[in-house]
2 protein chains.
Amino acid sequence: MKKVDVVVLGGLSGITAGISCRRHYPGKKVIMVRKEGTVLIPCGIPYIYGTVGGPENNVIPDGLLENNGIELIKGEAIDVDRAQKVVTLKDGETIGYDKLVFATGSVPLVPPIPGIDKENVYPVKKEFDYLSEVQQKMSGVKELVIIGGGFIGMEFADECRKGRNINVTVVEALPHCLQMAMDNEFCEEAQARLAETGVNILVNEKVEAILGDGKVSGVRLAGGKELKADMVILGIGAVPNTELAAKAGLELGFKKTIKVDRYMQTYTDPDVYACGDCAEKQSFFDGRPTGIMLASIATSEARIAGANLYSPTHQNCGAISVFSTVINGRAFGVAGLTERMANQTGAKIIIGTAEAPDTHPGGMPNSCPLKVKLLFAKDTGVILGGSISGGKSVGEMVNVLSACIMHRMTIDDMVKFQMGTHPALTASPIMYPIVNAACTAIIPLKGIA
Amino acid sequence: MKKVDVVVLGGLSGITAGISCRRHYPGKKVIMVRKEGTVLIPCGIPYIYGTVGGPENNVIPDGLLENNGIELIKGEAIDVDRAQKVVTLKDGETIGYDKLVFATGSVPLVPPIPGIDKENVYPVKKEFDYLSEVQQKMSGVKELVIIGGGFIGMEFADECRKGRNINVTVVEALPHCLQMAMDNEFCEEAQARLAETGVNILVNEKVEAILGDGKVSGVRLAGGKELKADMVILGIGAVPNTELAAKAGLELGFKKTIKVDRYMQTYTDPDVYACGDCAEKQSFFDGRPTGIMLASIATSEARIAGANLYSPTHQNCGAISVFSTVINGRAFGVAGLTERMANQTGAKIIIGTAEAPDTHPGGMPNSCPLKVKLLFAKDTGVILGGSISGGKSVGEMVNVLSACIMHRMTIDDMVKFQMGTHPALTASPIMYPIVNAACTAIIPLKGIA
């Protein structure tokens with residue numbers, strides 16, 4: 001039997017947890033066990049079907065493990081004996097550990113729709129060969145139906161039409177696509193942008209059945225309407241991959257995620273940690289469990305878990321939830337709460353908004369209008385969240401907001417925020433919309449308006 | 001005699017101060033008095049000569065004043081009678097005020113080099129007609145010498161060669177261009193990028209005389225070497241425009257800036273405020289006076305000044321100094337201290353560095369390598385500054401750092417920073433270099449390395 005200090009089970013966040021562990025405890029021997037031959041960049045999966053051209057261009061190189069002195073074992077862990085501290089692989093190999101990290105991630109949610117198991121119906125699995133097969137099959141497809149208008153669905157819809165003569169329809173059960181993530185005005189902007197590419201978008205529509213004789217031929221909606229389809233992509237969310245954890249006797253919490261404390265240590269076993277999609281998350285705001293799954297949260301938790309394995313070092317302050325997407329060339333991002341979420345909690349909020357070109361003067365090449373919406377708690381002025389649409393700078397602008405939220409900046413702080421500006425890179429110092437949105441928010445706080 | 005509540009003297013930061021005042025005190029009548037017919041975007045001036053095509057494409061529209069109910073008087077204020085609270089213009093008009101804001105900015109520093117007043121020698125003034133004249137003259141120029149390798153000089157050098165068959169030479173007295181702003185490794189990267197465009201860069205060279213018979217024909221360096229020149233641009237810095245303030249009896253401080261407190265109120269007169277390049281600045285870090293002049297600092301101070309006119313509202317926490325530039329398509333930015341500055345104060349620091357492509361996978365279109373360097377105080381782990389080079393996202397990434405610096409985040413905070421990531425917009429969650437630079441900085445802090 002092999003014996004090491006640390007065994008990490010799983011892919012993306014496992015890499016980061018392993019690196020973090022080795023950085024803090026360079027004397028420890030770390031083995032990563034994973035089923036997948038190669039780890040795909042999860043957020044890059046939709047781009048396989050358009051911009052990057054194939055799964056081979058969307059992998060996380062294993063060199064990252066080698067360079068950090070982490071041994072990789074490609075195999076499936078099928079049993080964890082916590083009493084003996086031994087992991088058993090499918091091929092019978094056993095590995096003894098001192099500390100164990102679950103980074104087993106998530107698998108796509110497959111709803112019990114009749115016909116869901118027909119040929120050419122694809123939940124978005126993070127598996128190389130599977131996604132390759134989808135790509136090959138897609139070349140013959142004329143009618144693609146995407147079930148679910150979240151990020152995955154919207155990005156797939158945008159990408160699949162690139163270089164393909166294909167009809168794409170997105171079917172969303174809620175009144176807006178991206179509604180779980182963004183406020184209505186941004187959802188509407190995103191939908192309009194996607195519609196411009198020729199994608200059909202159906203909202204308020206539930207899929208009742210997937211039709212066809214073996215192979216999918218169509219989709220029937222709740223109202224009885226039928227859509228032709230020779231391929232269906234399912235993008236309606238993911239569920240944590242925690243079967244092995246449950247079998248190992250680890251306590252599961254919200255939506256079957258592994259219960260962990262702020263050190264990412266499992267409730268059940270002080271020598272077992274968990275991070276990423278398989279681990280329970282608490283909201284940064286109210287501390288309640290949240291079902292948010294983002295690669296950026298997963299890696300953040302992994303850095304914390306890896307550092308804490310032999311000494312409690314970093315505390316997880318809860319998920320702020322920061323993300324961005326691009327739909328037909330327009331970027332959208334949110335950090336923290338949306339107005340919808342804040343209203344659901346009953347919070348009294350103040351909203352500030354501002355718009356500006358993302359260069360100055362606006363006549364610089366590739367200039368793009370930015371739209372910023374900030375939310376503050378009415379009685380304290382503390383920032384709760386922000387939404388932005390615009391050009392590529394949105395990706396880092398939501399990170400500016402994330403830093404502000406993390407330290408509970410107030411309207412006063414944000415009015416005084418010292419941004420750097422440059423004609424080709426940012427909005428003008430007079431117009432800088434994060435600051436100006438905060439300026440407009442101060443007025444109701446002062447009771448003037 | 002006209003009588004209003006607030007008179008603002010000056011351009012860029014005056015606009016922001018006026019808007020801020022009107023936002024907080026909508027009942028107040030505000031007049032802006034300025035000499036210039038139009039206000040240019042100061043950071044956009046180098047781009048007049050290349051990317052944007054002329055000064056007419058680089059103006060701040062006066063509609064901004066109109067929309068905010070601010071009256072504009074184009075004229076030169078030549079006297080302020082603080083006892084009577086009256087401003088007198090050159091044409092004899094007088095305006096009574098309750099509160100007065102100096103936002104008179106800066107003028108280019110013109111060193112006493114022999115021959116500096118020859119024809120075709122141009123300090124970079126922020127004046128429309130003047131800059132138009134420079135543009136017209138430039139069309140006949142074959143040999144352009146730029147004195148000063150700071151931002152203005154480097155950006156002019158980069159822009160003036162766009163669409164022009166012209167030899168450009170930058171002459172810098174220090175060992176590196178941009179040395180006052182960036183650490184050597186970034187200066188060297190910027191110089192190399194600029195040299196690739198065909199610009200000649202001379203460092204460690206002082207200009208001793210400007211040669212020519214009426215019109216400039218060359219430049220003589222301290223070693224005796226002569227450069228041919230039929231135009232010279234001077235970009236060696238600026239001095240505050242505070243003659244009128246001095247005449248009005250306001251106390252001047254560091255390098256003849258107007259002395260102000262944290263509310264931007266002048267030391268001398270509770271009804272007179274100042275902001276922008278003409279106002280004294282203190283460093284966010286040590287609180288000492290600093291000569292930094294940035295449009296973004298000016299507008300930040302203007303928001304503070306305008307809000308405070310009738311009630312102390314916002315306190316200026318001192319200049320962090322955040323900026324970015326683009327040299328031959330590569331962006332450079334710094335927030336807070338550089339290693340050079342930190343060493344000058346004797347601070348014990350820890351440096352963290354990381355590199356990553358600014359997209360993920362790196363094969364996304366227009367991907368560009370990012371280089372991040374962070375500085376932390378050794379004994380507290382508090383972030384002191386950061387430098388970044390990369391693609392366009394650098395402009396907002398330094399703003400992420402600015403938010404972190406403003407709230408004195410520690411290495412621990414930054415390791416846990418929750419960035420949003422997206423394949424087309426940011427580095428990958430595993431590689432995100434601001435976080436990973438913080439991760440590498442924690443090791444010396446822990447005493448491992």
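Let's start where the two chains meet: 71 residues of chain A are in contact with 71 residues of chain B. Keep in mind that this is a predicted model. Its scores are ipTM 0.96 and pTM 0.97. For chain A the mean pLDDT is 96, and 99% of the residues reach 70 or more.

Which elements build the side of chain A that touches chain B? Those giving two or more residues are α1 (12–24), α7 (295–308), β24 (322–327), β25 (330–336), α9 (394–406), α10 (411–415) and α11 (433–446) of chain A. Among these, α9(A) supplies the largest share, with eleven residues.

Now picture how the two copies sit relative to each other. Two copies of a chain are related by a rotation about an axis and a shift along it. Here, a rotation of 180° with 0.0 Å of shift along the axis lays chain A onto chain B, with an RMSD of 0.0 Å. That is the relation of a two-fold axis. Both copies use the same surface, as 100% of the contact residues of chain A recur in chain B. If you want to find the axis on your screen, look for Val400(A): of the residues of chain A, Val400(A) comes closest to the axis, its C-alpha lying at 2.2 Å.

Next, let's look at the nonpolar core. In soluble globular proteins, nonpolar side chains tend to be buried together. The largest nonpolar core in this model has 300 residues, and the members that touch the most others are Val101(A), Val232(A), Val101(B) and Val232(B). Take Val101(B) and skip its neighbours within four places in sequence: what is Val101(B) in contact with? The list reads Val6(B), Val8(B), Leu9(B), Gly14(B), Ala17(B), Tyr273(B), Ala274(B), Cys275(B) and Ala305(B).

Staying in chain B, have a look at helix α4 (residues 151–160). Is helix α4 of chain B largely enclosed or left open? Ten of its ten residues are buried, so the helix is largely enclosed by the rest of the structure. The buried residues of α4(B) include Phe151(B), Ile152(B), Met154(B) and Phe156(B), and also Glu155(B), Asp158(B) and Glu159(B). What surrounds them? The buried residues of α4(B) pack against α3 (128–138), β13 (143–147), β14 (167–171), α5 (184–196), β19 (231–234) and β24 (322–327) of chain B.

For a contrast, go to Asp286(B), in the loop between β22 (281–282) and β23 (289–290) of chain B. Asp286(B) has 12 C-beta neighbours inside 10 Å, so this residue counts as exposed. In sequence Asp286(B) and Gly318(B) are 32 residues apart, while in space their C-alpha atoms are 9.1 Å apart.

On to the sheets, beginning with one in chain B. Three strands form an open sheet there, in the order β16-β17-β18, with antiparallel pairing. The edges are β16 (207–213) and β18 (226–228) of chain B; each has a single partner strand, so one side of each is left without a neighbour in the sheet. From one strand to the next, the twist averages 30°. Zoom in on β16(B) and β17 (residues 215–221) of chain B, and you'll find six bridges joining these antiparallel strands. One pair to look for is Ala209(B) with its bridge partner Arg220(B) in β17(B).

Chain A offers another open sheet, this time with four strands in the order β1-β9-β8-β7 and mixed pairing. At its edges stand β1 (2–3) and β7 of chain A, each with a single partner strand, so one side of each has no neighbour in the sheet.

Let's walk through this sheet from the β7(A) end. Strand β7 (residues 77–81) of chain A pairs with strand β8 (residues 86–89) of chain A in the antiparallel sense, over four bridges. Within that pairing, Val80(A) stands opposite Val87(A). The hairpin of β7(A) and β8(A) has four residues between the strands, and Lys85(A) takes a positive phi near 55°. Moving along, β8(A) is joined by three bridges to strand β9 (residues 94–96) of chain A, again running antiparallel. Here Val86(A) has Gly96(A) as its bridge partner. These two strands, β8(A) and β9(A), also form a hairpin with four residues between them, and Gly92(A) in the turn has a positive phi of about 95°.

Definitions and conventions: Residues numbered from 1 in each chain as written. Chains lettered and ligands numbered in written order. Predicted model: local features only at pLDDT ≥ 70, side-chain atom pairs only at ≥ 80, totals over all residues. Core = buried A, V, L, I, M, F, W, Y, C linked by C-beta atoms within 7 Å. Buried ≥ 20, exposed ≤ 12 C-beta atoms within 10 Å, placed from the backbone. Contact = placed C-beta atoms within 7 Å. Least-squares fit on C-alpha atoms with pLDDT ≥ 70 in both. Pairing = 2+ DSSP bridges. Axes fitted to C-alpha atoms, helices over the stretch in contact; angles between N-to-C directions. pLDDT = per-residue confidence, 0-100.
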